[in-house]
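Let's take a friendly walk through this protein chain. Have the sequence and the 3D view at hand as you read.

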Amino acid sequence: MMHDVQDASEITSPFRELIERALKENYGQINYQDVVDGINEGEYQFWTAENSCVVTTIDIFPRMKQLTVVIGAGDLEEIDTVIRPVVEEWARSIQCDAMIIMGRPGWQKALEGYKRTAVVLEKRL
């Protein structure tokens with residue numbers, strides 16, 4: 001379920017440990033407080049199930065609107081079977097053309113219907 005937000009710290013706090021663990025696998029662009037602030041400001045959407053959560057954002061380009069998964073944390077099977085279908089349906093309802101997930105290689109094996117379309121390269125400056 002996606003949450004309407006009054007105070008994102010309340011809805012994210014049960015998932016804080018999962019989010020912080022996922023952020024350690026991330027590229028260092030954001031931290032937990034950035035997630036809370038982004039949800040409060042409407043930049044991010046927050047989706048939950050019993051043991052998992054997903055943070056998304058909407059990216060609009062001149063020729064495409066995409067929903068990007070910023071964080072997926074918790075039980076991968078639950079994310080795939082419970083959260084993903086709801087997020088995909090919502091993305092369709094707001095006319096997104098694609099859903100993008102950047103994550104660890106395990107995601108590629110777990111998510112049906114998704115294909116690898118890019119490789120992310122990083123160089124710290």
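## Before we start

A residue is called buried when its relative accessible area is under 20%, exposed when that area is over 50%, and partly exposed in between. Please keep in mind that this is a predicted model.

## Two phenylalanines meet

Let's begin with the aromatic rings. A pair of such rings is described by the distance of the centres and the angle of the planes. In this model the count comes to two aromatic pairs. One of them joins phenylalanine 15 and phenylalanine 46 in an edge-to-face arrangement, with 5.9 Å from centre to centre and 70° between the planes. Phenylalanine 15 sits in the loop between helix 1 (8–12) and helix 2, while phenylalanine 46 belongs to strand 1 (residues 44–48), so this contact ties together parts that are 31 residues apart in sequence.

Are these two rings buried or exposed? Phenylalanine 15 has a relative accessibility of 11%, and because the limit for buried is under 20%, it counts as buried. Phenylalanine 46 has 1% and is buried as well.

## Two tryptophans meet

Strand 1 also contributes to a pair of tryptophans, with tryptophan 47 in strand 1 and tryptophan 90 in helix 4 (residues 76–93). Their rings are edge-to-face too, at 5.3 Å centre to centre and 65° between the planes. With their positions 43 residues apart in the sequence, the pair links distant parts of the chain.

How does accessibility look here? Tryptophan 47 is buried, with a relative accessible area of 2%. Tryptophan 90 has a value of 23% and is therefore partly exposed.

## A β-α-β unit

Helix 4 has another role in the layout: together with strand 3 and strand 4 it makes a right-handed β-α-β unit. Which way do the two strands run relative to each other, parallel or antiparallel? Strand 3 (residues 64–74) and strand 4 (residues 98–101) pair in the parallel sense, over four bridges. If you would like a spot to zoom in on, find leucine 67, which stands opposite methionine 99 of strand 4.

## A look at asparagine 31

Finally, turn to the loop between helix 2 (16–24) and helix 3 (32–40), where you will find asparagine 31. Its relative accessibility is 41%, so asparagine 31 counts as partly exposed.

A polar atom of the asparagine 31 side chain lies 2.9 Å from the backbone nitrogen of aspartate 34. Looking back along the chain, arginine 21 is ten residues away from asparagine 31, and 10 Å separate the C-alpha atoms of the two.

Key
Residues are numbered from 1 along each chain as its sequence is written. This is a predicted model: local features need pLDDT of at least 70, side-chain atom pairs count only at pLDDT 80 or more; totals for chains, interfaces and linings use all residues. Side-chain values use heavy atoms; hydrogens and water are left out. Buried means under 20% relative accessible area, exposed over 50%, partly exposed in between (1.4 Å probe, protein chains only). A polar contact is a pair of N or O atoms within 3.5 Å; within protein, one must be able to donate a hydrogen and the other to accept it, and residues adjacent in sequence count only if both atoms are side-chain atoms. Rings of Phe, Tyr and Trp (its six-membered ring) pair if their centres lie within 6.5 Å; planes under 30 degrees apart count as stacked, over 60 as edge-to-face and the rest as tilted. Two strands pair if DSSP finds at least two bridges between them. A crossover is right-handed if, with the strands pointing away from the viewer, the path from the first strand over the helix to the second runs clockwise.
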